[in-house]
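Please open the model in your viewer and keep the sequence panel beside it. The tour below says what to select at each stop and what is there.

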Amino acid sequence: MSSGAHTGSLVCVGIGMTLGSHLGPLARSHIEQSDVVFAAASDGIVELWLAKMHADVRSLQPHYREGKSRMQTYREMVEAMLTEVRAGKRVCGAFYGHPGVFAWVPHKAIEVARSEGYAAHMEPGISAEDCLYADLGIDPGKFGCQHFEASQLLFYQRRIDPSAYLVLWQVGVVGDQSLKRFATGAGYRQILVEVLARDYPLDHQLIIYRTATLPTRQPQVKRLALSALPQADIGMEDTIVIPPARLPEVDSTMRARLSALDSADVIDG
Amino acid sequence: MFDVIDFLDRVGRDATLRNASRDELAVALATAQATPVLSSAILGKDRQALGALLGQDPFCCYINPGKEDEDETEDETEEAGVKEDSSTQSQQTAVSPRILHALTSLT
């Protein structure tokens with residue numbers, strides 16, 4: 001417990017993606033030792049698993065409602081946790097995957113708790129990103145890897161490097177400006193295809209990837225052409241991975257400058 | 001008595017069970033004395049059916065907005081009681097105070 005004037009504290013931990021497989025010992029310890037645990041799990045079975053680790057696990061799931069802005073939902077989740085922190089409790093937010101990866105709520109809760117003088121920190125977990133590197137055999141260091149929340153490609157003018165991997169998150173709600181929907185349809189994904197077609201040919205092969213959340217299942221990997229994306233069945237848990245469409249261009253100017261430095265080093269040395 | 005959550009936890013932790021074949025998993029379920037209904041749902045790899053058996057509805061798992069900075073900017077503006085025309089708003093959105101703060105803190 002914090003030794004400062006504020007006795008409440010907050011830790012947001014990642015429970016990983018797969019039930020039983022990914023939860024680290026430190027995250028488990030935080031769950032077990034907290035006064036209250038707030039759970040944002042990927043499904044109800046995972047939440048039942050968390051409930052076995054602590055007597056007071058409170059689901060954040062009831063805050064969601066179709067037709068209600070997810071921003072409002074997220075703020076309510078932050079407030080639910082902060083209310084207990086302010087009451088002097090050691091609070092643990094247990095979030096599926098990594099609590100800091102494509103997860104607004106944990107970052108905001110920690111920011112608010114700290115601004116009010118409470119001890120607050122994050123413990124990492126195994127995210128869907130980590131899983132896809134393993135399951136798809138991708139090394140982000142080979143060509144580079146860009147990650148975008150899919151809607152951001154439509155809401156803003158972003159620049160894509162097609163010589164690197166591109167990973168798109170939350171494609172199931174791409175283009176939802178209201179933040180009030182749990183799914184958007186083919187028309188929205190068609191606009192996404194039009195944006196992506198600026199940098200990729202329509203026959204470029206994409207991967208729809210879904211991590212296994214239950215240990216009795218395996219990851220789902222579907223491959224399809226960019227042009228087929230609007231008609232694809234894409235759910236909340238799916239992530240789109242777009243492999244590079246071309247090799248990186250050689251920067252001859254910079255290489256020449258580096259060579260000049262190399263030569264100067266040899267002379268100086 | 002068979003506890004399905006304990007069973008799943010054990011499968012998740014066990015290097016052999018995690019990648020077991022359907023037959024191997026069936027043996028593990030039988031050994032654990034799983035009920036036929038639960039065994040069927042697990043072996044069928046039907047997460048929704050298993051969730052329904054355990055009284056769990058499908059979850060929403062989005063915890064990230066696509067355009068938080070605009071919302072935050074709007075909130076901050078509302079809180080400050082400031083009214084702006086659309087051109088000013090779009091400028092503020094382009095480089096919001098939060099983004100400026102974030103960029104500054106990186107340097």
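Helices (H or I, at least four residues) and strands (E, at least two) are DSSP runs, numbered from the N terminus. This is a predicted model, in which local features need pLDDT of at least 70 and side-chain atom pairs count only at pLDDT 80 or more, while totals for chains, interfaces and linings use all residues. Residues are numbered from 1 along each chain as its sequence is written, chains are lettered from A in the order in which they are written, and side-chain values use heavy atoms, with hydrogens and water left out.

Select first A:Gln146, which sits in strand β6 (residues 145-149) of chain A. A:Gln146 counts as buried because its relative accessible area is 14%, buried meaning under 20% with a 1.4 Å probe and protein chains only. Next add A:Asp161, whose backbone nitrogen lies 2.7 Å from a polar atom of the A:Gln146 side chain. Leaving aside residues up to four places away in sequence, A:Gln146 also touches others, including A:Arg159, A:Tyr165 and A:Val167, where contact means heavy atoms within 4.5 Å.

Now move to the second largest pocket by selecting A:Arg210, A:Glu237, B:Arg47, B:Gln48 and B:Pro58, which lie nearest its centre among 23 lining residues. A pocket is, on a 1 Å grid over the protein atoms alone, an open set of points where a 1.4 Å probe fits, with protein on both sides within 12 Å along at least five of seven lines, and lining residues have an atom within 4 Å of a point. Finally, colour α2 (44-51) of chain A and α5 (47-53) of chain B, each of which supplies at least two residues of this pocket's lining.

Note on methods: Buried means under 20% relative accessible area, exposed over 50%, partly exposed in between (1.4 Å probe, protein chains only). A polar contact is a pair of N or O atoms within 3.5 Å; within protein, one must be able to donate a hydrogen and the other to accept it, and residues adjacent in sequence count only if both atoms are side-chain atoms.
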